[in-house]
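Q: Please walk me through one part of this structure closely, down to its side chains. I'd like to start with the aromatic rings and then see what lies around them in the rest of the chain.

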Amino acid sequence: MEDENTATEESKRREENGNADSLLTASITKKLRSLPPLPSQCCIYRVPDTLRRVNEEAFVPRILSIGPIHHGKESLQDMEGHKWQYLKSLLQRKPGVMVENYVKAMRKLEARARGCYAESINCNSDEFVEMMLLDGCFIMELFLKNKNKQLRGEGDPIFSRTMVLTDLHRDLILLENQLPFFVLETLYNLIENTDQECPSTSVLELTYVFFKFLGLQEVLIRDSQPDVKHLLDLLRLWFIPSSPTKSIRSKSRFELIRSVKELHEAGVKFKKGTVSCLMEIKFINGVLEIPPLTIEDTTDSLLGNLIAFEQCCNRCTPRYITDYVILMEYLINSPKDVALLSRYGIIKNLLGDNEGVSHLFKKLGKEVVFNSDKFQFSNLCYEANDYHKSRWHVWKATLRRDYFYNPWAIISFIGAVLLLFFTLIQTVCSVLSLKK
């Protein structure tokens, strides 16, 4: 009897477990079906927490929200009114294109644009389309007014205030503050159809003029561009070499470069580069040639967001900006290194504090992941370090630094050598005379 009861209870438990398993299976299946597909065109990301914790201010907009990530934030609402004013001035200047044309164009791009963002967007269709239209037209009108001063009204709320324009330059390069580039191109094509003022202008040229102060490579503006994802991506393309480079390591062991001060003490000479591409750093016959870099208040934000983009986007290979910052971090180990680079015109320090520049590169390199096997400056690091290890180069540098630093020191050194020589001759002659 007990065996029968036990068997019955076990049968009930199996039945209950079976029902529970079926319910759990159904729940998991429902969740899997509700998941949106992974966006294949993803190119706009939220900055990883590891980087954000190092310097959150570098990744957060000050006055302007572009796109959905910071949309609706109370601290950014003042600029929303200016967006509407810029849209109004654009529409009044281009009566040939009705608002409905812009709305329809944006509606067609909605699904494609949503797929560019790495996280789901909490906006319904109308909200998202309005946001693309408003933000995109604001950027286009801003770029047009920047190039053509005649388009600016008297007392323009942006161009009449330098601080506002400076903050806009900064906010438009943030990774989390991007619109897909095809949205800007579509809007500009609508504008261009009725534009008699700048018929040959392109979005690329307008972008270049707006960010020209960053020292971009002008030669690339009219060249055929690869698939541009957004404004930050375009800036990156203008900063990196126009053709892919290969870094072949001379030795199997990876090593990073010595500091500027250490290299200088070993006789390495420093030369200001003549090319506008920051990545064109060369080491030839004991001379390290580095293109000039201006350090200002927005440098940490610009480089930080370019690094964040490369860290998030698998398409960004090689990681030129990341490797450049890692190289500079090791070259600049102290304020003395900054002072030496400033002396040779390689760094233009608008921060006014050498300690600040040294700290900036340490901060930019913190928590950044780079691939030592694909490091773009591997060969350069090895050659510079090998030169540093040579005792002959160290001895020459010491001699030049301690004894040949000015004409009087050279004369004194030659005099000392001659005195030593004549003393030696006199001693030899005295010894020879005693033997006779």
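**Aromatic rings and their surroundings**

A: Let's begin with Phe375, which counts as buried because its relative accessibility is 0%. Phe370 is a little more open to view: its relative accessibility is 25%, so Phe370 counts as partly exposed. Do keep in mind as you read that this is a predicted model.

Now for the rings across the chain. A search of the whole structure turns up 9 aromatic pairs. One of them joins Phe143 and Phe211, whose ring centres are 6.4 Å apart and whose planes stand at 85 degrees, an edge-to-face arrangement. Phe143 belongs to helix α5 (residues 125-147), while Phe211 sits in the loop between α8 (203-210) and α9 (231-239), so this pair ties together parts that are 68 residues apart in sequence. Phe143 and Phe211 are both buried. That brings us back to the rings we started with: Phe370 and Phe375 have centres 5.5 Å apart and planes at 55 degrees, so their pair is tilted. Returning to the edge-to-face pair, Phe143 and Phe211 are joined by Phe210 in one aromatic cluster.

Helix α5 comes up again when we turn to charges. The structure holds 18 salt bridges. In one of them, the side chains of Arg107 and Asp126 meet with 2.9 Å from N to O. Arg107 lies in helix α4 (residues 99-114) and Asp126 in helix α5, so this bridge ties together parts that are 19 residues apart in sequence. Arg107 has a relative accessibility of 35%, so it counts as partly exposed.

A salt bridge can also stay within one helix. Lys261 pairs with Glu265, and the closest N and O atoms of the two are 2.7 Å apart. These residues are 4 positions apart in helix α10, so about one helical turn separates Lys261 from Glu265. Both ends of this bridge have some access to the outside: Lys261 is partly exposed at 29% relative accessibility, and Glu265 is partly exposed with a relative accessible area of 34%.

Next, look at the strands. The side chains of Glu289 and Lys271 form a salt bridge of 4.0 Å from N to O. Because Glu289 lies in strand β3 and Lys271 in strand β1, the bridge ties together parts that are 18 residues apart in sequence. The partners differ in their cover: Glu289 is buried, with a relative accessible area of 17%, whereas Lys271 is partly exposed at 44%. Salt bridges with shared partners also link Glu80, Lys83 and Asp135 into one network.

Several of these elements come together around helix α13 (residues 335-343), so which of its residues are buried? They are Asp337, Val338, Leu340 and Leu341. These residues span an arc of only 160 degrees around the axis, which means they lie on the same side of α13. Lys336 and Arg343, on the other side of α13, are exposed. The buried residues of α13 pack against α10 (260-265), β1 (269-272) and β3 (287-290), and also against α12 (320-331), β5 (347-349) and α14 (354-365). So as you follow the contacts out from α13, you meet the helix that holds Lys261 and Glu265, as well as the strands that carry Glu289 and Lys271. Just after α13, Gly345 takes a positive phi of about 80 degrees.

For contrast, have a look at the surface of helix α1 (residues 2-34), where Leu24 has its place. Leu24 is exposed because its relative accessible area is 51%, over the 50% cut-off for that class. Together with Ile28 and Leu32, Leu24 forms a nonpolar patch on the surface with about 300 Å² of accessible area in total.

Finally, let's step back to the whole chain. It has 17 helices and 5 strands. Of its 436 residues, 45% are buried. Among the contacts with a separation of 6 or more, 72% are between residues 24 or more positions apart. The accessible surface comes to about 24,200 Å², and carbon and sulfur atoms account for 53% of it.

Terms used
Residues numbered from 1 in each chain as written. Predicted model: local features only at pLDDT ≥ 70, side-chain atom pairs only at ≥ 80, totals over all residues. Heavy atoms only, no water. Patch = residues over 30% accessible without salt bridge, like charges linked within 9 Å, V, L, I, M, F, W, Y side chains within 5 Å. Areas by Shrake-Rupley, 256 points an atom, 1.4 Å probe, with all protein chains shown as cover. Helix = DSSP H or I, 4+ residues; strand = E, 2+ residues; numbered from the N terminus. Buried < 20%, exposed > 50% of the residue type's maximum accessible area, 1.4 Å probe, protein only. Arc of directions from axis to C-beta. Contact = heavy atoms within 4.5 Å. Phe/Tyr/Trp six-rings, centres within 6.5 Å; stacked < 30°, edge-to-face > 60°.
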